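These are my notebook entries on one protein chain. I record below what I looked up, entry by entry.

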Amino acid sequence: MARVIGPQRGAIEGARQAAEALGYHVHVVREPVTGEARLAAAQHVEQVAAVAGTLGRPLCVISSGETTVTVTGQGKGGRNQEFAFAMAKSLGRLGTGAMGASIGTDGIDGPTDAAGALAGPDTFDRARAAGIASPDSYLDNNDTYHFFERLGDLIRTGPTSTNVGDLQVVLLAG
């Protein structure tokens, strides 16, 4: 028997309250984030860009939902790590003060010990500086875990024993 003890909106509300307590203006995206992770991330950044110009800064945009990954490679990773990787490719259009994350509320993303990953407009510059010559090869091989591990940008919470979906957070500096 399964019992719902906390809805997805509870996770969003907790994130909203935490962001407001830190002084952020908050916008919650009501439509769930779905689809192929690497495509949904670019669409998500477009959606953030559309609302960012109308809201105060610093801004926190919170969304939820679960994307999918079509595995074609032999690497290690999960939908949140692929979402963060793909988001990093688009975050630059939001300015240098943008950061994004995608996190599984259960603390597990795919077959990894990470809940997700952080990304920013400088993610690929930092990767090159760390000696990662071809970042896209990590995405092509579904190996975003090792990409973000080398950068120190994995989010590790440990298992939470609660799964109410994934959260995506984009922060825009003031």
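I began with Asn142, which is found in the loop between α5 and α6. Helices here are DSSP runs of H or I of at least four residues and strands are runs of E of at least two, numbered from the N terminus. The phi of Asn142 is near 50°, a positive value in a residue other than glycine. Asn142 is buried, with a relative accessible area of 5%; buried means under 20% relative accessible area, exposed over 50% and partly exposed in between, with a 1.4 Å probe and protein chains only.

I noted the basis of the entries. The model is predicted, so local features need pLDDT of at least 70 and side-chain atom pairs count only at pLDDT 80 or more, whereas totals for chains, interfaces and linings use all residues. Residues are numbered from 1 along each chain as its sequence is written, and side-chain values use heavy atoms, with hydrogens and water left out.

Further backbone entries. I found a positive phi of about 65° at Ser161, although Ser161 is not a glycine. Ser161 lies in the loop between β5 (154–155) and β6, and is exposed, with a relative accessible area of 77%. Gly152, just after α6, takes a positive phi of about 75°. The peptide bond from Arg57 to Pro58 is cis, with omega near -5°, and Pro58 sits in the loop between α2 and β2. I add that most residues other than glycine have a negative phi, and most peptide bonds are trans.

Next, the sheet. I traced six strands in an open sheet of mixed pairing, in the order β1-β2-β6-β3-β4-β5; two strands pair if DSSP finds at least two bridges between them. β1 and β5 stand at the edges with a single partner strand each, so one side of each has no neighbour in the sheet. At one edge, β1 (residues 25–28) pairs with β2 in the parallel sense over four bridges, and His25 stands opposite Leu59 in β2. β4 and β5 run antiparallel and are joined by two bridges, with Gly116 opposite Ile155 in β5. β1, α2 and β2 make a right-handed β-α-β unit: with the strands pointing away from the viewer, the path from the first strand over the helix to the second runs clockwise.

Which residues of α6 are buried? I listed Thr144, Tyr145, Phe147, Phe148 and Leu151. They cover an arc of only 165° around the axis, taken from the directions from the helix axis to the C-beta atoms, which puts them on the same side of α6. Their cover includes α3, β4, α4, α5 and β5.

Then the cores, each a set of buried Ala, Val, Leu, Ile, Met, Phe, Trp, Tyr and Cys residues joined through side-chain atoms within 4.5 Å. The largest has 34 residues, of which Leu91, Leu94, Phe147, Val170 and Leu172 touch the most other members. Elements that each supply at least two residues of this core include α2 (37–52), α3 (79–90), α6 (144–151) and β6 (166–172). Apart from this core lies another, of seven residues, among them Ala19, Val28, Cys60 and Val169. Neighbours within four places in sequence aside, Leu94 is in contact (heavy atoms within 4.5 Å) with Val45, Val48, Ala49, Val170 and Leu172.

Last, Asp166 in strand β6. Asp166 counts as buried, at 2% relative accessibility. I found polar contacts from the Asp166 side chain to the side chain of Arg79 (2.6 Å) and to that of Asn80 (3.4 Å). A polar contact is a pair of N or O atoms within 3.5 Å; within protein, one must be able to donate a hydrogen and the other to accept it, and residues adjacent in sequence count only if both atoms are side-chain atoms.
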